[in-house]
Amino acid sequence: MDSQRSSISDSLLAATGRGSVNTMPICVRGESYEAGEKKCISDVRRTFCLFVTFDLLFITLLWIIELNVKGSIPKQLIKEVLEYNYKASFFDIFLLAVFRFAVLILAYAVCRLRHWWAIAITTAVSSGFLIVKVIVSKLLSQGAFGYLLPIISFVLAWIETWLLDFKVLPQEAEDENRYRSLVVAAEGPPLMNPGPMSEGQFYSPPESLADSDEELDDKHDPEKGLLQKVT
């Protein structure tokens with residue numbers, strides 16, 4: 001009897017132990033997510049900021065190559081910057097990339113906005129400016145860079161919009177919902193998860209054990225069973 005009771009109590013303790021242990025990963029995941037949100041930005045937002053930086057560096061590199069192709073870089077800088085001509089200069093496309101970089105990094109890296117209005121402004125300004133410049137200016141008559149810089153700047157601006165609207169914001173919203181569900185589950189009562197049933201949990205009361213012993217004795221000793229029926 002004592003051994004059966006001890007086995008029952010051990011199995012119950014093991015079951016409750018499992019239930020309490022199962023709540024630990026939820027708390028740990030929730031706390032780690034909250035700490036990560038406080039210390040740094042999410043992975044998808046970091047990737048977006050890296051792409052915005054790539055946009056600026058790539059347009060700058062193409063503009064420097066264009067200056068070098070036309071002649072001496074200092075002379076071309078004086079011609080395109082100091083003697084700026086809207087119809088023939090690529091300097092404004094470089095300034096457009098600087099504008100996108102400054103607004104997007106300030107909005108989504110420094111202020112960590114979770115809205116699309118900043119990217120909508122930069123994309124609208126970039127698209128409108130480039131379309132008007134291609135129509136009005138004489139860039140198409142200046143060789144390959146007359147096509148390359150406006151097209152690449154236009155495509156990069158729309159890729160940034162796609163990344164933010166379809167990757168960054170939905171992924172962060174999903175992570176936030178998952179975090180809230182983990183917090184709710186961690187704050188609720190611990191769920192009992194007994195796991196697989198142990199042998200000690202299958203038991204019979206003492207009366208049934210005694211009856212079963214008597215039935216076994218009757219089967220092994222039929223004469224004793226007949227005497228009990230006669231009496």
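What is the accessible surface of the protein, and what share of this surface belongs to carbon and sulfur atoms? In the predicted model, the accessible surface comes to about 14,900 Å², and 67% of that area belongs to carbon and sulfur atoms. Buried residues account for 28% of the 231 residues in the protein. The secondary structure consists of eight helices and zero strands, so that the order of elements from the N terminus reads α-α-α-α-α-α-α-α. Among contacts between residues at least 6 apart in sequence, 76% join residues at least 24 apart.

Helix H4 was examined in detail. This element spans residues 91–110 and contains 20 residues. From its first C-alpha to its last, H4 reaches 27 Å, close to the 28 Å expected at 1.5 Å a residue. The buried residues of the helix are Phe91, Asp92, Ile93, Phe94, Leu96, Ala97, Arg100, Leu104, Ile105, Ala107 and Tyr108; the list thus includes the charged residues Asp92 and Arg100. These buried positions pack against four other helices, namely H2 (43–70), H3 (73–82), H5 (117–136) and H6 (144–187). After H4 comes Arg112, which has a positive phi, near 55 degrees.

The interior contains a largest nonpolar core of 32 residues, within which Phe48, Ile59, Phe90, Ile93, Tyr108 and Leu164 touch the most other members. Helices H2, H4, H5 and H6 are the elements that give two or more residues to this core. Two of the highly connected members, Ile93 and Tyr108, are also among the buried residues of H4. The surroundings of Ile59 provide a further view of the packing. When residues up to four places away in sequence are not counted, Ile59 touches Ile93, Phe94, Ala97, Arg100, Leu149, Ile152, Ser153 and Leu156. Of these partners, Ile93, Phe94, Ala97 and Arg100 are buried residues of H4.

A contact between distant parts of the chain is also found among charged side chains. The structure holds ten salt bridges. One of them joins Asp92 to Lys133, with the closest N and O atoms 2.6 Å apart. Asp92 lies in helix H4 and Lys133 in helix H5, 41 residues apart, and the pair therefore links distant parts of the chain. Both Asp92 and Lys133 are buried.

Other salt bridges are formed within helix H6. The side chains of Arg178 and Glu174 meet at 3.2 Å, N to O, and the two residues lie four places apart in H6, about one turn of the helix. Arg178 counts as partly exposed because its relative accessibility is 41%, and Glu174 is likewise partly exposed, at a relative accessible area of 42%. A second pair in H6 with a spacing of four residues, again about one turn, is that of Arg180 and Glu176. The closest N and O atoms of this salt bridge are 2.7 Å apart. Glu176 has a relative accessible area of 24% and is therefore partly exposed. An α-helix has 3.6 residues a turn, so residues three or four places apart point the same way. In addition, Glu66, Lys70 and Glu80 are linked in a network of salt bridges.

Helix H6 also contains Gln171. With a relative accessible area of 30%, Gln171 is partly exposed. Its C-alpha atom is separated by 9.2 Å from that of Ser42, although the two residues are 129 residues apart along the chain.

The surface carries a nonpolar patch of about 1,000 Å². Its members are Ile131, Val132, Val134, Ile135, Val136, Leu140, Tyr147, Ile151, Phe154, Val155, Trp158 and Ile159. Helices H5 and H6 are the elements that give two or more residues to the patch, and H6 supplies the largest share, with six residues. Val136, one of the patch residues, is placed in helix H5. Val136 counts as partly exposed because its relative accessibility is 42%. Helices H5 and H6 thus give residues both to the nonpolar patch and to the largest nonpolar core.

How values were computed. Residues numbered from 1 in each chain as written. Predicted model: local features only at pLDDT ≥ 70, side-chain atom pairs only at ≥ 80, totals over all residues. Heavy atoms only, no water. Expected span 1.5 Å × (residues − 1). Buried < 20%, exposed > 50% of the residue type's maximum accessible area, 1.4 Å probe, protein only. Contact = heavy atoms within 4.5 Å. Patch = residues over 30% accessible without salt bridge, like charges linked within 9 Å, V, L, I, M, F, W, Y side chains within 5 Å. Areas by Shrake-Rupley, 256 points an atom, 1.4 Å probe, with all protein chains shown as cover. Salt bridge = Lys/Arg side-chain N within 4 Å of Asp/Glu carboxyl O. Core = buried A, V, L, I, M, F, W, Y, C linked by side-chain atoms within 4.5 Å.
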